[in-house]
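Here's a quick walk through one protein model, written for someone who likes to poke at the details. Have a look at the sequence and the structure first.

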Amino acid sequence: MADYRDMWNGLGIDLETHDKLCDALPVLFGETFLDQKDRPAAMDYFNMVIAEVHGLRIKELLAHKERGGTVVGSFCIYVPEEIVLALDGLLVGLCAGSQFWVPAGETLLPRNLCALVKAGMGARISRTCPYFQSVDLIVGENTCDGKKKAWDILADEAPLYVMDMPNKKSPAGFALFRQEMEALVRRLEELTGKTLTAENLLKGCERVDRKRRALDRLYALRKADPLPLSGRDALLVSQIAFYDDPERFIAQTEALATECEERVARGQGVFPKGTPRLLVTGTPIVVPNWKFHAIAETSNLAVVVEENCTGTRYFEQKVSLPEKKDLASLLDSLAHRYFDGIHCACFSPNEGRLDDIVRLAREYGADGVVHLSLSFCTTYQIEEEKLRRRLAAEGIPFLSLETDYTPGDEGQLKTRVEAFGESLRRHR
Ligand code: BJ8
């Protein structure tokens, strides 16, 4: 890897602590990904992205800023990338998936809070994440209690703007979301010095649409048996979608899909045909959290789809462009795509998510559903009961797992996942 120390120094990174992170990541990545057999050659690009995760992409973000562009960070898929791109900005995901950052986060936040929020806070205050150090603005959102209260504290540490979020899918809820989107546009226009127009918004929509369709094409190939691509690799691609250059990401994902199509045509798979298939649902699985997928896929199971924000919720729904392409109509369509189409557990009731899980389990031929929740995520943990009842009624086997970013529970998780795998084999 090139020497990026001057760049990191310029961003105010704590180099000594950051070095420890840089040493740990390649080991974890090698064990999780590079030891897999018969990976598609097109995964080389995604390996490179991880190897350069704090290098090349940061260099590109800084070059974009030098040219007068902006970089916006977010923690949630309710923040519309289309608007950021339209205003010559780049949107990067800031959700943090490593235990490395949790202890720093716990100096400001309670321990009984989900690891995702604690790690995000820790990454910022420990100055060990160049993405946090590069952003011009962070857009937070009032979804769960943990996030909305943490923003008050993060606001003292970083430039932050918070979108209010409704809790109910109702006309009043939509009106609030639409209004909040308008307010976000004003804040981003102020930040970028640019004006949102129907023309630049249409271009933003078109670009994000192509990204979503590339992921659609790749995920559709995960319906095949044998699987052309492991769940780990598919998860990695989805995680990278949150911060890679959109055009390059689209081209590389299309190339991977082409290679996987050829594999499907030849009947070539990464696991033997008939390997029990899992749908994973629950809280987002963000970089570099690969724990569950690695455990499942080294226990003779295959992860075939993720119903979460680092899976289908990120890309399945498209923007239906209105007939009249004026700015207000485009913003309406965009707001509908996000508000109607994403079923986060911060909404109650949230029947749409249950319907999606059942539909996806059938479409992807899943033998069982695993609810994977981060510890202390009450919204998803409470919603799990509704899911359990619905899956029982549909006759779909179900496993509930709660975890965090530490490796301490890996043995216990593996035992439970293996036992679930055995029951799925018997159930067939
Ligand atoms: S749309 S799932 S990305 S809010 S895991 S911080 S919910 S306590 S991340 Fe999310 Fe947007 Fe919803 Fe998706 Fe809170 Fe739970 Fe932590 Fe969570």
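What follows covers a glutamate, a pocket and some aromatic rings.

Keep in mind that this is a predicted model.

**The glutamate**

Let's start with E141, which sits in strand 3, the stretch covering residues 137-141. Is E141 buried or exposed? With a relative accessible area of 0%, E141 falls under the 20% cut-off, so E141 counts as buried. Its charged side chain has polar partners: the side chain of T143 at 2.6 Å, and the side chain of K147 at 2.9 Å. Leaving out residues up to four places away in sequence, E141 touches F75, C76, K147, W151, V162, M163 and M165. K147 therefore turns up both in that contact list and as a polar partner of the E141 side chain.

**The pocket**

Next up is the second largest pocket, which holds about 770 Å³ of space. Which elements give two or more residues to its lining? They are helix 2 (15-34), helix 12 (231-240) and helix 14 (291-297). Helix 2 provides the largest share, with 6 residues. The lining has 32 residues in total, and L28, E31, T32, W290 and A294 lie nearest the centre of the pocket. If you're thinking about the chemistry of the walls, the lining splits into 14 nonpolar, 9 polar and 9 charged residues.

**The rings**

Finally, the aromatics. The model has 17 aromatic pairs. Take F174 and F339: their ring centres are 5.7 Å apart and their planes meet at 70 degrees, which is over the 60 degree cut-off, so the pair is edge-to-face. This pair ties together distant parts of the chain, since F174 belongs to helix 10 (residues 171-192) and F339 to helix 16 (residues 327-341), 165 residues apart. F174 and F339 are also part of a cluster, linked by ring pairs, that includes Y78, F177 and F347.

Here are the buried residues discussed in this report, side by side.

| Residue | Relative accessible area | State |
|---|---|---|
| E141 | 0% | buried |
| F174 | 15% | buried |
| F339 | 3% | buried |

So both rings of the edge-to-face pair belong to buried residues, F174 at 15% and F339 at 3%.

Conventions
Residues numbered from 1 in each chain as written. Predicted model: local features only at pLDDT ≥ 70, side-chain atom pairs only at ≥ 80, totals over all residues. Heavy atoms only, no water. Helix = DSSP H or I, 4+ residues; strand = E, 2+ residues; numbered from the N terminus. Buried < 20%, exposed > 50% of the residue type's maximum accessible area, 1.4 Å probe, protein only. Polar contact = N/O pair within 3.5 Å; in protein donor to acceptor, adjacent residues only side chain to side chain. Contact = heavy atoms within 4.5 Å. 1 Å grid on protein atoms, 1.4 Å probe; cavity = no way out; pocket = protein on both sides within 12 Å on 5 of 7 lines; lining within 4 Å. Points joined across faces, edges and corners; volume = space filled by probe spheres on them. Nonpolar A, V, L, I, M, F, W, Y, C, P; charged D, E, K, R; others polar. Phe/Tyr/Trp six-rings, centres within 6.5 Å; stacked < 30°, edge-to-face > 60°.
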